[in-house]
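This report describes a single protein chain, moving from its charged pairs to its strands, its surface and its aromatic rings. Please look over the sequence and the model before reading on.

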Amino acid sequence: MKIKYTIKDKISYKELQILFKEMDTIKGERFWARDIFHYSWRTKKQELIALKKSTLITARLNNKLVGMIRLVDDGVYDFYVAEVMVIPSLQGKGIGKKLMNKTINYCKKIGFIKIFISALPGKETYYQQFGFKAAMSQVMEIKFKDTNHD
């Protein structure tokens, strides 16, 4: 199996939707993939903007998108690993590890200060193997659906 990895890849909206559909078959102990990636909240217009403004590190098998990391950053200091996806049928084969290593090496070349990632409860040890550790501050969030829109 020859996987091609690309930093700063361009993917289409359709490719992303196919990847989301495959990811949607995953139900962990506590979370469905749809609850992690919030597919139903995403519009095509917004998704195209996000794809354009993100750095995408991809894994392809026979040109099919089988894994992806979406990196959001200021271009110099701070990077946030927003999404990590590998299709279920290829999980456990080292694709996610290779994507993470390529992502971290890309950030190292730029000279990052911090790389952030939000790990689901129970998945922290997976990311610790790459050097991630608990941050000084707890990650907090506000979701658009939970706010007033006046």
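Are Glu83 and Arg70 buried or exposed? Both Glu83 and Arg70 are buried, and this statement, like those that follow, rests on a predicted model.

## Overall layout

The protein has 5 helices and 5 strands, and from the N terminus on these elements run in the order β-α-α-α-β-β-β-α-β-α. Of the 150 residues in the protein, 31% are buried.

## The salt bridge between neighbouring strands in the hairpin

The side chains of Glu83 and Arg70 meet in a salt bridge, with a distance of 3.2 Å from N to O. Because Glu83 lies in strand S4 and Arg70 in strand S3, the pair ties together parts that are 13 residues apart in sequence. Arg70 can also be placed relative to a helix: its C-alpha atom is separated by 9.2 Å from that of Ala50, the two residues being 20 residues apart along the chain. Ala50 has its place in helix H3, which spans residues 44–53, and it counts as partly exposed because its relative accessible area is 21%, which is not under the 20% that would make it buried.

## Other charged pairs

The structure holds 4 salt bridges. In one of them, the side chains of Asp9 and Arg60 meet at 2.9 Å, N to O, and this pair links distant parts of the chain, since Asp9 is in the loop between strand S1 (3–7) and helix H1 (13–23), while Arg60 is in strand S2 (residues 55–61), 51 residues apart. Asp9 is buried, and so is Arg60. Salt bridges that share partners join Asp9, Glu15 and Arg60 into one network.

Glu22 forms a salt bridge with Lys64, and the closest N and O atoms of this pair are 2.7 Å apart. Here, too, distant parts of the chain are linked, with Glu22 in helix H1 and Lys64 in strand S3, 42 residues apart. Glu22 counts as partly exposed at 22% relative accessibility, and Lys64 is likewise partly exposed, with a relative accessible area of 37%.

## How the strands are joined

Strand S3 (residues 64–73) and strand S4 run antiparallel and are joined by 7 bridges, with Met68 standing opposite Met85 in S4. The two strands form a hairpin with 4 residues between them, and in the turn Gly75 has a positive phi of about 90°.

Strand S4 is also joined to strand S5 (residues 114–117), by 4 bridges, and these two strands run parallel. Between them the chain crosses from S4 through helix H4 (residues 95–110) to S5, and this β-α-β crossover is right-handed.

## Tyr80 and a nonpolar surface patch

Tyr80 has its place in strand S4, which covers residues 78–86, and its bridge partner in S5 is Phe116. Tyr80 is partly exposed, with a relative accessible area of 30%. Which residues make the nonpolar surface patch of about 230 Å²? The patch is made by Val72, Tyr80 and Phe116, and Tyr80 and Phe116 are thus bridge partners that both contribute to this patch.

## The aromatic cluster

The structure holds 3 aromatic pairs. In one of them, the rings of Tyr126 and Tyr127 have their centres 5.0 Å apart and their planes at 90°, so the pair is edge-to-face, the cut-off for that class being an angle over 60 degrees. Tyr127 also pairs with Phe132, the ring centres being 6.4 Å apart and the planes again at 90°, so this pair is edge-to-face as well.

What of the accessibility of these residues? Tyr126 counts as partly exposed at 28% relative accessibility, whereas Tyr127 is buried, because its relative accessible area of 13% is under 20%. Phe132, the ring partner of Tyr127, is also buried. Together with Phe130, the residues Tyr126, Tyr127 and Phe132 form one aromatic cluster.

Methods
Residues numbered from 1 in each chain as written. Predicted model: local features only at pLDDT ≥ 70, side-chain atom pairs only at ≥ 80, totals over all residues. Heavy atoms only, no water. Patch = residues over 30% accessible without salt bridge, like charges linked within 9 Å, V, L, I, M, F, W, Y side chains within 5 Å. Areas by Shrake-Rupley, 256 points an atom, 1.4 Å probe, with all protein chains shown as cover. Buried < 20%, exposed > 50% of the residue type's maximum accessible area, 1.4 Å probe, protein only. Phe/Tyr/Trp six-rings, centres within 6.5 Å; stacked < 30°, edge-to-face > 60°. Pairing = 2+ DSSP bridges. Right-handed = clockwise from strand over helix to strand, strands pointing away.
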